[in-house]
Amino acid sequence: MSHSETDSLFMARALALAERGLFSTSPNPRVGCVIVKDGAGVGEGWHEAAGKPHAEVLALREAGAAARGATLYVTLEPCSHHGRTPPCTDALIDAGVARVVAAMQDPNPAVAGSGFGRLRGAGIEVTHGLMEEQARELNIGFVSRMTRARPWVRMKVAATLDGRTALANGESQWITGEAARRDGHHFRARACALLTGIGTVRDDDPRMNVRDVQTPRQPLKVLIDSRLEVSPDARLFEGGEVLVVAAREDGARSDVLRGKGAEVIVIANAAGKTDLPRVLVELGRRGVNELHVEAGVRLNGSLLREGCVDELLVYLAPSLIGDAGLGMFSLPELTDLAQRIKLSVHDVSRVGEDIRVIARL
């Protein structure tokens, strides 16, 4: 069924509401809702956090009796199952909503379409697909976790125009400008977890938290440290949840890190190194929708080689370092151009004096 300009206008509003939950809804999806009666909005809402009311429920509360016979615009198929909150489909049926326009179907294969079916069974007109691409982008990590059982992995790199991330001696602060660094913290804030490696912690001692944007919660910090070499005095442990992933057991070192409040787990592959694809599955099991990677050249290369990266977030500064500088990724030498990793450019923007490129594998 085709949608009108009015439908598009109110769905755009619902998407804008959903985006308010960008930093807070995980592991739940970001959802917005608008209720319209006689061409005017009578109720709206957005999902703020897990355990709190869903967007549809908030919109129904605001609309009250005006919801009867109204059209409801929502960015994701209303839920039809009992979770922390009752099914939204029951609330819509009880309120007497006449029409539901959804941007996208629930990506969970186990429940996809069941919400729509329940509404149609109650005589409510249902359509979906309006602004679906925008809705998917907003919930790209949730879709990934529901369909692949692993988070959407976004790897951030800051480099010069000649692709260098640091001087030969490791100095890298700061290649990009303040605006780019603040923009990078926006992507940190929307992620459920931040991942780095022992090399970065040893060289830069990062805090791995969100500082330059306001956020109601800090992402989980994930450290890949195969041999448990991290110092317990690393700034990584100064606040927030930390998950250390090792490739071998070491009771004494693990106990020290647990004393700092960290969780230590072992996920090893046959070569005795950290099994990165299995780490993603474990993070998906823990409800991580989006994983933000800020690591060094070696871990970056390993993640790429093992098929663990979905998106590159690259900030390019208008400067040059030269061949002696460190690159972005440690990758094996190619003997044929056909072997190169191909990307699709999703977005190119200017951020301050720097250029931001978002490319997907």
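**Group meeting talk: a walk through the predicted model**

Hi everyone, let's start at one residue: Val348 lies in strand β13, which covers residues 344-351. Before going on, please keep in mind that this is a predicted model. Is Val348 buried or exposed? Its relative accessible area is 53%, and the cut-off for exposed is over 50%, so Val348 counts as exposed. Val348 also has company out there. Together with Leu161, Leu320, Val345 and Ile355, Val348 forms a nonpolar patch on the surface. The accessible area of that patch adds up to about 510 Å².

Now let's step back to the chain as a whole. There are 11 helices and 14 strands in the protein chain. How does the radius of gyration of the chain fit a compact globule? For 361 residues, a compact globule would come out near 21 Å, and the chain has 23 Å, which agrees. If you like box dimensions, the C-alpha trace spans about 65 × 45 × 40 Å along its principal axes. Of the 361 residues, 51% are buried. Looking at contacts with a separation of 6 or more, 69% of them link residues 24 or more positions apart. As for the surface, the chain exposes about 16800 Å², and carbon and sulfur atoms supply 49% of that.

Next, the strands, beginning with β12, residues 311-317. How many of the residues of β12 are buried? Seven of the seven are, so β12 is largely enclosed by the rest of the structure. In a regular strand, side chains alternate between the two faces of the sheet. In β12, both faces are covered. One side has Glu311, Leu313, Tyr315 and Ala317, the other has Leu312, Val314 and Leu316, and they are all buried.

Which strands pair with β12? On the parallel side there is β6, joined to β12 by seven bridges. Two of the bridge partners are easy to find on screen: Arg154 goes with Glu311 in β12, and Ala159 goes with Leu316 in β12. In the antiparallel sense, β12 is joined to β14 by six bridges. Here Leu316 comes up again, standing opposite Ile355 in β14. And you have met Ile355 already, as a member of the nonpolar surface patch.

Following β6 outward, this strand covers residues 152-160, and eight of its nine residues are buried. Besides β12, β6 pairs with strand β11, residues 290-293, in the parallel sense over four bridges. In that pairing, Val153 stands opposite Leu291 in β11.

Let's move to a helix, α6, residues 140-148. Seven of its nine residues are buried, so α6 is largely enclosed by the rest of the structure. The buried ones are Ile140, Gly141, Phe142, Val143, Ser144, Arg145 and Met146. What covers them? The list includes helices α5, α7 and α10 along with strands β6, β11 and β14. Right after α6 comes Ala149, with a positive phi near 60 degrees.

That brings me to the backbone oddities, which I suspect this audience will enjoy. Most residues other than glycine have a negative phi, and most peptide bonds are trans. Besides Ala149, have a look at Met131, which is not a glycine and yet has a positive phi of about 60 degrees. Met131 sits in the loop between β5 and α5. With a relative accessible area of 19%, against a cut-off of under 20%, Met131 counts as buried. Then there is Met208, again not a glycine, with a positive phi of about 55 degrees. Met208 is in the loop between α8 and β8, and at 3% relative accessibility it counts as buried. For the peptide bonds, go to Ser26 and Pro27: the bond joining them is cis, with omega about 5 degrees. Pro27 belongs to the loop between α1 and β1.

One last stop: Ser330, in the loop between β12 and β13. Ser330 is partly exposed, with a relative accessible area of 33%. Which residues does Ser330 touch, not counting residues up to four places away in sequence? They are Val297, Arg298, Gly301 and Arg305. As for Met208, it is 122 residues from Ser330 along the chain, and their C-alpha atoms are separated by 22 Å.

That's my tour; thanks for listening!

Conventions:
Residues numbered from 1 in each chain as written. Predicted model: local features only at pLDDT ≥ 70, side-chain atom pairs only at ≥ 80, totals over all residues. Heavy atoms only, no water. Patch = residues over 30% accessible without salt bridge, like charges linked within 9 Å, V, L, I, M, F, W, Y side chains within 5 Å. Areas by Shrake-Rupley, 256 points an atom, 1.4 Å probe, with all protein chains shown as cover. Salt bridge = Lys/Arg side-chain N within 4 Å of Asp/Glu carboxyl O. Buried < 20%, exposed > 50% of the residue type's maximum accessible area, 1.4 Å probe, protein only. Contact = heavy atoms within 4.5 Å. Pairing = 2+ DSSP bridges. Rg over C-alpha atoms; globule rule 2.2 N^0.38 Å.
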